[in-house]
Amino acid sequence: MACVDVPDKQAPSYRGRLAPSPTGLLHIGHACTFWTAYQRALARKGTLVFRNEDLDPQRSKPEFTHTMIEDLKWLGVRWQEGPDIGGPFAPYEQSQRRKYYLAAWRRLRDSGHIYPCSCSRKDLAMSAAAPNEGDDEPLYPGTCRVKVGDARGYDLPAGVNWRFRVPDGEAIPFNDLRQGPQRFVAGNDFGDFVVWRRDDVPAYQLAVVVDDATMRITEVVRGADLLKSTARQLLLLRALALPLPSYYHCDLIRDPEGVRLAKRHDALSLRALRERGCSPQQVLEMCGRLVQSQIA
Ligand SMILES: [Zn+2]
């Protein structure tokens with residue numbers, strides 16, 4: 001009897017991603033997150049995609065791309081698609097993927113989900129809305145919301161900020177595979193967020209959902225500092241009718257003083273640890289200890 005291989009349509013094969021920005025040296029917090037992403041892909045016999053998030057031309061530096069790739073390989077992380085090896089969803093550099101972001105911008109413009117915002121930094125600073133603690137973007141007061149109808153007058157996004165109009169009061173729940181059930185309320189926990197910047201750079205939120213969808217990512221593994229951004233991204237995915245990935249947000253790692261590790265902690269960069277003679281095994285053990293000490 002012939003053996004017929006019936007593919008399981010319910011369970012698409014696992015596709016994860018590593019998505020570092022070449023704006024500095026990778027530190028031990030990145031190492032923990034990327035190692036987790038690698039292990040989850042490995043355990044599911046999945047594919048891991050390396051995506052270079054070099055969207056910001058001011059902050060991205062080619063030398064950091066080289067260092068990132070080198071440091072992750074040194075640590076033992078392996079991927080099957082990426083800028084260094086190619087793959088079916090190339091290019092894997094965000095700076096080369098503008099046409100995808102532009103197509104998404106057009107869809108959002110045509111469907112009325114976004115509007116041009118001409119508020120200056122000063123306008124925003126003077127508005128009553130205070131920046132939300134621990135988040136990157138202050139609550140937008142909605143001054144330019146009335147301009148939804150103006151959006152169609154723009155053939156290209158450059159020159160103004162483009163904001164996504166969030167459904168005020170709607171709770172955005174999702175289950176995080178590491179952090180458990182999450183719930184953020186649009187218009188309260190976050191406001192109308194930028195999807196395209198005045199200087200003609202697509203914003204992180206837009207680029208990430210477009211890339212995750214077009215690269216067929218099934219699970220997003222990243223740091224817990226992006227939990228709230230997930231709610232924004234779920235709204236964008238819905239507006240663009242794109243499939244939703246699963247989410248796994250790693251615990252944030254803090255230094256002994258309780259300060260979140262950032263790229264400025266150069267002493268804890270993989271580069272510095274290597275230069276001090278640390279082995280990959282020692283770095284991974286350090287990751288394990290740091291995570292444990294925060295749970296305890
Ligand atoms: Zn505005």
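This report walks through a predicted model of a protein, from its overall make-up to a metal site, some helix packing and a few single residues.

**The big picture**

The protein has 296 residues, and 47% of them count as buried. Its chain forms 8 helices and 9 strands. Take the contacts between residues at least 6 apart in sequence: 76% of these join residues at least 24 apart.

**The zinc site**

Let's start with the metal. What coordinates the zinc ion? The donors are the SG atoms of Cys-117, Cys-119 and Cys-144, plus the OH of Tyr-140, at 2.0 to 2.3 Å. Along the chain, these donor residues follow the spacing C-x1-C-x20-Y-x3-C. The site has 4 donor atoms with angles of 99 to 123° among them, and its geometry is tetrahedral. As for the surroundings of the donors, Cys-117 and Cys-119 are both buried.

**How α5 packs against α3 and α6**

Next come the helices. In general, two packed helices are described by the angle between their axes and the distance between the axes.

Helix α5 covers residues 204-214, and helix α6 covers residues 227-239. Their axes lie 10 Å apart, and the two helices pack at an angle of about 60°. Angles from 35 up to 65 degrees fall outside the parallel and perpendicular classes, so α5 and α6 are oblique to each other. The crossing itself is right-handed. On the α5 side, the contact is made by Tyr-204, Gln-205, Leu-206, Val-208 and Val-209. On the α6 side, the residues involved are Ser-229, Arg-232, Gln-233, Leu-236 and Leu-237.

Helix α5 also meets α3: their axes come within 10 Å and cross at roughly 110°. That angle makes α3 roughly perpendicular to α5. From α3, the contact uses Tyr-100, Tyr-101, Ala-104 and Leu-108. From α5, it uses Leu-206, Ala-207, Val-210, Asp-211 and Thr-214. Leu-206 of α5 is therefore worth finding in the viewer, because it is listed in the contact with α6 and in the contact with α3.

Ala-103 sits in helix α3, which spans residues 98-110. Is Ala-103 buried, exposed or partly exposed? Its relative accessibility is 39%, so it counts as partly exposed. Ala-103 and Val-210 are 107 residues apart in sequence, yet their C-alpha atoms are 9.5 Å apart in space.

**Two buried residues**

Phe-193 belongs to strand β7, which runs over residues 193-196. With 0% relative accessibility, it counts as buried, because buried means under 20%. What does Phe-193 touch, leaving aside residues up to four places away in sequence? Its contacts are Glu-137, Trp-162, Arg-163, Phe-164, Val-166, Gln-205, Arg-232 and Leu-236. Among these, Gln-205 of α5 and both Arg-232 and Leu-236 of α6 also appear in the contact between those two helices. Arg-165 is another residue to look at: its C-alpha is 7.5 Å from that of Phe-193, and the two are 28 residues apart along the chain.

Asp-71 is in helix α2, which covers residues 62-75. It counts as buried, at 0% relative accessibility. Setting aside residues up to four places away in sequence, Asp-71 touches Leu-270, Arg-271 and Arg-274.

**Backbone oddities in the loops**

Some details of the backbone are easy to miss. Where is Pro-91? It lies in the loop between α2 and α3, and the peptide bond leading to it from Ala-90 is cis, with omega near 0°.

Two other loop residues have a positive phi although neither is a glycine: Arg-216 and Ala-241. The table puts them side by side.

| Residue | Phi | Loop | Relative accessibility |
|---|---|---|---|
| Arg-216 | about 55° | between α5 and β8 (219-223) | 52%, exposed |
| Ala-241 | near 55° | between α6 and β9 (246-250) | 63%, exposed |

Why do they count as exposed? Exposed means over 50% relative accessible area, and Arg-216 has 52%, while Ala-241 has 63%.

Terms used: Residues numbered from 1 in each chain as written. Predicted model: local features only at pLDDT ≥ 70, side-chain atom pairs only at ≥ 80, totals over all residues. Heavy atoms only, no water. Helix = DSSP H or I, 4+ residues; strand = E, 2+ residues; numbered from the N terminus. Buried < 20%, exposed > 50% of the residue type's maximum accessible area, 1.4 Å probe, protein only. Contact = heavy atoms within 4.5 Å. Donors = N, O, S within 2.8 Å, 3.2 Å for Na, K, Ca; no water. Tetrahedral: all angles 85-135°; square planar, octahedral: opposite > 155°, others 65-115°. Axes fitted to C-alpha atoms, helices over the stretch in contact; angles between N-to-C directions. Parallel < 35°, antiparallel > 145°, perpendicular 65-115°, else oblique. Left-handed = near helix turned anticlockwise from the far one by under 90°.
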